[in-house]
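Below are some comments on the fold, set out as numbered points. They are best read with the coordinates open alongside.

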Amino acid sequence: MSKLDFIKKLYNGKNCYSDHMNKDELGFLHISSGVEPLVSDMLDKHKLVFLTGNPGDGKTFIIKAIEPCIIRNNVFVKTDFNEVTNYADAARNIVDLYVEKKPAVFAINEYPFLRLCKEIKRINPDIYNEIMRGLIVK
């Protein structure tokens with residue numbers, strides 16, 4: 001596929017999301033920022049990382065950009081919370097990851113993130129408070 005065909009594919013469609021892109025296409029679009037090293041550093045320290053935002057903000061793109069770190073640290077990755085129907089179970093799994101000091105990265109839209117945080121707070125307020133202290137808002 002030519003670069004021009006690739007650009008045409010991006011215009012006004014679901015193909016503009018990184019979920020459907022191969023490594024070459026991701027590399028063509030990638031502009032390095034301070035986010036990738038920050039997330040990688042947190043995962044190297046066995047932290048839980050929540051990448052929040054709206055659809056298309058680049059959450060999955062960041063996860064794909066730090067793939068070597070994810071592999072190196074055997075990071076738990078969840079890129080889609082849309083299929084989650086039981087937030088209590090999801091919250092318990094996240095609390096377990098935290099307690100086990102297992103690094104994890106989650107790409108989650110803002111509303112599901114708020115629902116998830118509500119459940120984490122109910123299950124373990126201390127972990128909820130730590131998550132809230134660690135939030136980096138841009």
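1. In this predicted model, the buried residues of helix H3 are covered by several elements, including strand E1, helix H4 (59-65), helix H5 (67-72) and strand E3. The residues concerned are Glu-36, Val-39, Ser-40 and Leu-43, and, seen down the axis of H3, they fall within an arc of 100 degrees, so they line one face of the helix.

2. As for its placement, H3 (residues 35-44) lies across E1 and E3, and its direction runs at about 150 degrees to that of E1. The helix is followed by His-46, for which phi is positive, near 60 degrees.

3. The sheet that H3 lies across is an open one of three strands, in the order E1-E3-E2, with parallel pairing. E1 and E2 (76-78) stand at its edges and have a single partner strand each, so one side of each is left without a neighbour in the sheet. On average, and with direction ignored, neighbouring strands are turned by 15 degrees against each other.

4. How many bridges join E1 and E3? The two strands, E1 and E3 (residues 104-109), pair over six bridges in the parallel sense; among the partners, Phe-50 is matched with Phe-106 of E3, and Gly-53 with Asn-109 of the same strand.

5. Although E1 is an edge strand of the sheet, five of the six residues in E1 (residues 48-53) are buried, so the strand is largely enclosed by the rest of the structure. A reader who looks at the sheet order alone could miss this point, which concerns burial and not strand pairing.

6. The largest nonpolar core has 20 residues, and those with the most contacts inside it are Leu-48, Phe-50, Phe-81, Ile-94, Phe-106, Leu-116 and Ile-120. Two or more residues each are given to this core by E1, helix H6 (87-99), E3, helix H7 (110-123) and helix H8 (125-133), with the largest share, six residues, coming from H6. Phe-50 and Phe-106, both listed here, are also the bridge partners named under point 4.

7. Which residues does Leu-48 contact, once its neighbours within four places in sequence are left aside? Leu-48 is in contact with Ile-94, Leu-97, Tyr-98, Lys-102, Ala-104 and Phe-106, and of these Ile-94 and Phe-106 are listed with Leu-48 among the residues with the most contacts inside the core. Apart from the largest core lies another, of 12 residues, among them Val-49, Ile-62, Ile-66 and Cys-69.

Key:
Residues are numbered from 1 along each chain as its sequence is written. This is a predicted model: local features need pLDDT of at least 70, side-chain atom pairs count only at pLDDT 80 or more; totals for chains, interfaces and linings use all residues. Side-chain values use heavy atoms; hydrogens and water are left out. Buried means under 20% relative accessible area, exposed over 50%, partly exposed in between (1.4 Å probe, protein chains only). Helices (H or I, at least four residues) and strands (E, at least two) are DSSP runs, numbered from the N terminus. Two strands pair if DSSP finds at least two bridges between them. Axes are lines fitted to C-alpha atoms, for helices over the stretch in contact, and angles run from 0 to 180 degrees between N-to-C directions. Contact means heavy atoms within 4.5 Å. The arc is that of the directions from the helix axis to the C-beta atoms. A nonpolar core is a set of buried Ala, Val, Leu, Ile, Met, Phe, Trp, Tyr and Cys residues joined through side-chain atoms within 4.5 Å.
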